[in-house]
Amino acid sequence: MTKETFEQWLKDHKKELEEIRQAAHELHASVNQTYDGDKPYGVHLDMVAASVFEYGHLVCDDERDLLPLFFGAYFHDSIEDARLTYNDVKKNASQWMDEEKALMAAEIVYALTNDKGRTRAERAGERYYKGIRETPYAPFVKLADRRANFTYSCRKDGSANEHMRKVYQQELPHFLEAINPHSSDLRFALPEVMVKELKNEE
């Protein structure tokens, strides 16, 4: 998709995008979830979606996939952190898209939902990454999620951010390989510009 086509689509769908954004913000606020201790969780959701606004045209050829992609970015933590079920997510998505695309949106969210586990490694093990690699747009949204968290930790002070910055740096080579399906299908692409940004943050 050309950047011009993508930017025109953004203008044409500004209303729906803002509705999806607000719904995601309100959902996480309803369960009192915060980011970095005292910020609304919407801060993180907006940072993840920012990558889609910036680079979505690099992974999407079909304009009909864009609403599911943006929904996936805004709702990517809704099962894991905001108590929605898979069917809840699909029902929410169907407010803005048809059944086929609502299913695509729900699959992105489901793929980004951590497994049950006692440790970080257990929650994001091989089965988790396999689900990401097999789901259209999930690798891109997961990369956007990591970009948001890593960038935030690099720009903020505090022991927690310093700790996570080191964790992200140590995990980066494995993380990039784990989410990369090495597919020729554009929907599974990891934009090189985003990968370079992450590597430059080290």
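This section describes helix packing, residue burial and backbone geometry in a predicted model.

Helix H1, which spans residues 3–12, has Phe6, Trp9 and Leu10 as buried residues. These residues are confined to an arc of only 100 degrees around the axis, and they therefore lie on the same side of H1. On the other side of this helix, Glu4 and Lys11 are exposed. The cover over the buried residues of H1 includes helix H2 (14–30), helix H3 (42–55) and helix H4 (66–74). A comparable description applies to helix H11 (residues 192–200), where Met194, Val195 and Leu198 are the buried residues. They too cover an arc of only 100 degrees around the axis, so that they are placed on the same side of H11.

The packing of H1 against H2 was examined next. The two helices pack at an angle of about 70 degrees, and their axes are 5 Å apart. Because angles from 65 to 115 degrees count as roughly perpendicular, H1 is roughly perpendicular to H2. On the H1 side, the residues that meet H2 are Trp9, Leu10, Lys11 and Asp12, and their counterparts in H2 are Lys14, Glu16 and Leu17. By class, the residues of this contact comprise three nonpolar, no polar and four charged. Two of the H1 residues in the contact, Trp9 and Leu10, are also among the buried residues of that helix, whereas Lys11, likewise part of the contact, is exposed.

Helix H2 also packs against H3. Their axes come within 9 Å and cross at roughly 150 degrees. Since an angle over 145 degrees counts as roughly antiparallel, H2 is roughly antiparallel to H3. The crossing of this pair is right-handed. From H2, the contact involves Leu17, Arg21, Ala24, His25 and His28, while H3 provides Gly42, Leu45, Asp46 and Phe53. The residues of the contact between H2 and H3 fall into four nonpolar, three polar and two charged. Leu17 of H2 takes part in this contact and also in the contact with H1.

A further helix pair is formed by H5 (residues 86–93) and H6 (residues 99–111), which pack at an angle of about 140 degrees with their axes 8 Å apart. This angle makes H5 oblique to H6. The crossing of H5 and H6 is right-handed. H5 contributes Tyr86, Val89, Lys90 and Ala93 to the contact, and H6 contributes Ala102, Leu103, Ala105, Ala106, Glu107, Val109 and Tyr110. In terms of class, the contact of H5 with H6 consists of nine nonpolar, no polar and two charged residues. The charged class includes Lys and Glu, and these residue types are represented in the contact by Lys90 of H5 and Glu107 of H6.

Individual buried positions were then considered. Ala73 is located in helix H4. Its relative accessibility is 0%, and Ala73 is therefore classed as buried, the cut-off being under 20%. When neighbours within four places in sequence are left aside, the contacts of Ala73 are with Val48, Ala49, Val52 and Val141. Ala73 and Pro139 are 66 residues apart along the chain, and their C-alpha atoms are separated by 11 Å.

Gln33 lies in the loop between H2 and E1. With a relative accessibility of 16%, Gln33 also counts as buried. Not counting residues up to four places away in sequence, Gln33 touches His28, Tyr41 and Asp81. Of these, His28 belongs to the H2 side of the contact with H3. The C-alpha atoms of Gln33 and Ala82 are 7.8 Å apart in space, with the two residues 49 apart in sequence.

Positive phi values occur at two loop residues that are not glycine. Asn32 has a positive phi of about 60 degrees and is placed in the loop between H2 and strand E1 (34–35). Asn32 is exposed, with a relative accessible area of 67%, whereas Gln33, in the loop between H2 and E1, is buried at 16% relative accessibility. Arg83 has a positive phi near 70 degrees and is found in the loop between H4 and H5. The relative accessible area of Arg83 is 66%, so this residue is exposed, given that the exposed class begins over 50%.

Key:
Residues are numbered from 1 along each chain as its sequence is written. This is a predicted model: local features need pLDDT of at least 70, side-chain atom pairs count only at pLDDT 80 or more; totals for chains, interfaces and linings use all residues. Side-chain values use heavy atoms; hydrogens and water are left out. Buried means under 20% relative accessible area, exposed over 50%, partly exposed in between (1.4 Å probe, protein chains only). Helices (H or I, at least four residues) and strands (E, at least two) are DSSP runs, numbered from the N terminus. The arc is that of the directions from the helix axis to the C-beta atoms. Contact means heavy atoms within 4.5 Å. Axes are lines fitted to C-alpha atoms, for helices over the stretch in contact, and angles run from 0 to 180 degrees between N-to-C directions. Angles under 35 degrees count as roughly parallel, over 145 as roughly antiparallel, 65 to 115 as roughly perpendicular and the rest as oblique. A crossing is left-handed if the near helix is turned anticlockwise from the far one by less than a right angle, and right-handed if clockwise.
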